[in-house]
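Reader: I have just opened this one and would like a careful walk through it. Could you help me read it?

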Amino acid sequence: MVAHPLSASARARKELEALKLALAEKDEAALRLLSERYAHRQGPKALQILIRKLASTEEIATFWQLQLLPKEIPKVEISHPEFTQEEVTQEELIQEEVAQEELIQEEIIEVEISQQPPLEIKARSEVARRLRGWLPSWDGPLRQAS
């Protein structure tokens, strides 16, 4: 059998009954959850009015309001290990080695680039080669470039 959804007024009555029960049993978790849900749907001012309406004594009203206060989150202290001079020296040596390797790689790339013919010469010779096949009788400056 499928449960039918509750109407808004029936849901509100059910939540009020649950709030009354949680308040009577002093169930902190249920009181907090139901109060937050009520405040979300009706607004914080409506919750304050409800607290005054349902709390029979000042003590119960105070208890209810204390449950709504944010819980403190314990602060976790993180300790940082102190680096020894030897570890700092090793780190500096590693950084120097990495910098030297980067310089060597840059020099290798520069040498490879300098050994390759300029792109203009490559492009001219490629154009000349293609024109020779297309215009075999052409004797222009591109034929001299190859």
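**Helix packing and the core**

Author: Let us begin with one pair of helices: α2 and α4 are roughly perpendicular to each other, since they pack at an angle of about 75 degrees, with their axes 9 Å apart. Please keep in mind throughout that this is a predicted model.

Reader: Which residues of α2 and α4 meet there?

Author: On the α2 side they are E28, L31, R32 and S35, and on the α4 side they are F63, W64, Q67 and L68. Sorted by class, the residues of this contact of α2 with α4 comprise 4 nonpolar, 2 polar and 2 charged.

Reader: Is Q67 buried or exposed?

Author: Q67, which lies in helix α4, has a relative accessible area of 7% and is therefore buried, as the limit for that class is under 20%.

Reader: And what does Q67 touch?

Author: Setting aside residues up to four places away in sequence, Q67 touches E28, L31 and R32, and these three are among the α2 residues that meet α4.

Reader: Let me step back for a moment. How many helices and strands are there in the chain?

Author: The chain has 7 helices and 0 strands, so that the pattern read along the sequence is α-α-α-α-α-α-α. The chain has 146 residues, and 14% of them count as buried.

Reader: What share of the contacts joins residues at least 24 apart?

Author: If one takes the contacts between residues at least 6 apart in sequence, 42% of them join residues at least 24 apart.

Reader: Back to α4, then. How many degrees is the angle at which α3 and α4 pack?

Author: Helix α3, residues 44–54, and helix α4, residues 58–68, pack at an angle of about 150 degrees, and their axes are 9 Å apart. Angles over 145 degrees count as roughly antiparallel, and this is therefore how α3 and α4 are described. The crossing in which α3 passes α4 is right-handed.

Reader: Which residues make the contact?

Author: From α3 the contact draws on L47, Q48, L50, I51 and L54, while α4 supplies A61, W64, Q65 and L68. Counted by class, the contact of α3 with α4 holds 7 nonpolar and 2 polar residues, with no charged ones.

Reader: Which residues touch the most other members of the largest nonpolar core?

Author: That core has 14 residues, and those touching the most other members are L19, L31, L47, L50, I51 and W64. The elements giving two or more residues to the core are α1 (8–25), α2 (28–42), α3 and α4, and α2 gives the most, with 4 residues.

Reader: What does L50 touch?

Author: Not counting residues up to four places away in sequence, L50 touches L16, L19, Y38 and W64.

Reader: Changing topic, where is E15 found, and is E15 buried or exposed?

Author: E15 is found in helix α1, and with a relative accessibility of 13% E15 counts as buried. Apart from its neighbours within four places in sequence, E15 is in contact with R37 and R41. The C-alpha atoms of E15 and Y38 are 7.9 Å apart in space, although the two residues are 23 residues apart in sequence.

Reader: One last thing: what is phi of K26?

Author: Phi of K26 is near 55 degrees, which is a positive value in a residue other than glycine. For context, most residues other than glycine have a negative phi. K26 has its place in the loop between α1 and α2, and at 43% relative accessibility K26 counts as partly exposed.

How values were computed: Residues are numbered from 1 along each chain as its sequence is written. This is a predicted model: local features need pLDDT of at least 70, side-chain atom pairs count only at pLDDT 80 or more; totals for chains, interfaces and linings use all residues. Side-chain values use heavy atoms; hydrogens and water are left out. Axes are lines fitted to C-alpha atoms, for helices over the stretch in contact, and angles run from 0 to 180 degrees between N-to-C directions. Angles under 35 degrees count as roughly parallel, over 145 as roughly antiparallel, 65 to 115 as roughly perpendicular and the rest as oblique. A crossing is left-handed if the near helix is turned anticlockwise from the far one by less than a right angle, and right-handed if clockwise. Contact means heavy atoms within 4.5 Å. Ala, Val, Leu, Ile, Met, Phe, Trp, Tyr, Cys and Pro count as nonpolar, Asp, Glu, Lys and Arg as charged, and the others, Gly among them, as polar. A nonpolar core is a set of buried Ala, Val, Leu, Ile, Met, Phe, Trp, Tyr and Cys residues joined through side-chain atoms within 4.5 Å. Buried means under 20% relative accessible area, exposed over 50%, partly exposed in between (1.4 Å probe, protein chains only).
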